[in-house]
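Me: Can you go through the empty space and the ring pairs in this one with me? Short answers are fine.

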Amino acid sequence: MSSNAATAVVRAELTKIRTVRSTLVPLVVALVVSVGIGVLGCASARSAIDRKSDMLRSDFNPVDAGFVGVQFGQLALIAFAVLLVCAEYGSGMIRTSLAAVPSRGLFYLAKITAAGTVALLVAVPTTFLAFLASQTALGPHGVELSHPGALRAVLGACLYLTLMCLFSVGIATMLRSTALALSLLFAFVFVLSPVANAVPALRTAARYLPDHAGAEVMKADPGLSPATGLLILAAWAAVALSAGYLTLRSRDS
């Protein structure tokens, strides 16, 4: 496999992303939701602090508050990953793509590279803007990037979003259904992980779920070390991507 061929296939995948509206919209939504919900949440927190309301959580931390919107914005990046993979199956274009790139490994690697690159390019401005806007909404209760742990959390959030996107690519490749993949992944993030964390008997196991472990990097006082959390998420992503490749090779050969 020549480097020119690999570059051409990656460029083709990036072109698909740039020219298909269904994959562009979630990227914009990720930014808007992350910033918007973050600002609303922190404005509400500022009001509660100023009023000395007992509605504010006792463990409130301005660094953690800067990523409330990002936790919701990640759903748009998950949707982006699913649509990037499943839209081709839904439209039947996957046959054309595989005919143009007979090597399943090259095709899949190019899609992973394109998804990861775009996710990271979106994650960087999204997390920085979400954090800074949220701290501005907190007013005198907010912190700057120079605050201990803040910059580490922002940079970690960029990696978290990118890895969650790649994890979703693997799941989508296995399922090949937009509705099924989105339902599973959204339920995983919004139902399974929170419920497992809320049940004392499952709380320890919940710490090692991909979204729960990875999100530790965005906390000022994480339960797991940031590096450990990211490594766990990276391992989940690697397993999902490997399973996706095996599915692609066996079903679409």
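Reply: Pockets come next, then the cavity, then the aromatic pairs; note that the model is predicted.

Me: What volume does the largest pocket have?

Reply: The largest pocket holds about 1200 Å³ of space.

Me: How many residues line the largest pocket, and which lie nearest its centre?

Reply: The lining of the largest pocket has 36 residues. Nearest the centre are Arg57, Asp64, Val68, Gln71 and Lys219.

Me: Which helices supply at least two residues of that lining?

Reply: At least two residues each come from α2 (21–50), α3 (62–65), α4 (68–91), α8 (178–198) and α10 (210–215).

Me: And how does the lining of the largest pocket split by class?

Reply: It has 19 nonpolar, 9 polar and 8 charged residues.

Me: OK, next pocket. What is the volume of the second largest one?

Reply: The second largest pocket comes to about 200 Å³. Its lining has 13 residues, and Lys16, Val20, Ala87, Glu88 and Met93 are the ones nearest its centre.

Me: Which elements give two or more residues to that lining?

Reply: Those are α1 (3–19), α4 and α5 (93–100). The most comes from α4, with 5 residues.

Me: What about classes in the lining of the second largest pocket?

Reply: There are 6 nonpolar, 4 polar and 3 charged residues in it.

Me: Switching to closed space. How many cavities of 30 Å³ or more does the structure hold?

Reply: The count is 1 cavity of 30 Å³ or more. The largest cavity has about 40 Å³ of space.

Me: Which residues line the largest cavity?

Reply: Val85, Glu88, Tyr89, Ile94, Phe107, Tyr108, Lys111 and Thr173 do. Two or more of the lining residues come from each of α4 and α6 (104–138). By class, the lining divides into 5 nonpolar, 1 polar and 2 charged residues.

Me: Glu88 sounds familiar. Where else did Glu88 come up?

Reply: Glu88 is one of the residues nearest the centre of the second largest pocket, and Glu88 also lines the largest cavity.

Me: Now the rings. How many aromatic pairs does the structure hold?

Reply: It holds 6 aromatic pairs. One of them joins Tyr108 and Tyr245, with ring centres 6.1 Å apart.

Me: Why is the pair of Tyr108 and Tyr245 called stacked?

Reply: The planes of the two rings are at 25 degrees, and planes under 30 degrees apart count as stacked.

Me: Which helices hold Tyr108 and Tyr245?

Reply: Tyr108 is in α6 and Tyr245 in α11 (residues 226–251), so the pair ties together parts 137 residues apart in sequence.

Me: Is Tyr108 buried or exposed?

Reply: Tyr108 is buried, at 4% relative accessible area. Tyr245 counts as partly exposed, with 26% relative accessibility.

Me: And what is the geometry of the pair of Phe188 and Trp236?

Reply: The pair of Phe188 and Trp236 is edge-to-face, at 6.5 Å centre to centre with 65 degrees between the planes. Phe188 lies in helix α8 and Trp236 in helix α11, so this pair ties together parts that are 48 residues apart in sequence.

Me: How accessible are Phe188 and Trp236?

Reply: Phe188 has a relative accessible area of 15% and is buried. Trp236 is partly exposed, with 33% relative accessibility.

Me: Last one. Which residues do ring pairs link into a cluster?

Reply: The cluster is made up of Phe167, Phe188 and Trp236.

Note on methods: Residues numbered from 1 in each chain as written. Predicted model: local features only at pLDDT ≥ 70, side-chain atom pairs only at ≥ 80, totals over all residues. Heavy atoms only, no water. 1 Å grid on protein atoms, 1.4 Å probe; cavity = no way out; pocket = protein on both sides within 12 Å on 5 of 7 lines; lining within 4 Å. Points joined across faces, edges and corners; volume = space filled by probe spheres on them. Helix = DSSP H or I, 4+ residues; strand = E, 2+ residues; numbered from the N terminus. Nonpolar A, V, L, I, M, F, W, Y, C, P; charged D, E, K, R; others polar. Phe/Tyr/Trp six-rings, centres within 6.5 Å; stacked < 30°, edge-to-face > 60°. Buried < 20%, exposed > 50% of the residue type's maximum accessible area, 1.4 Å probe, protein only.
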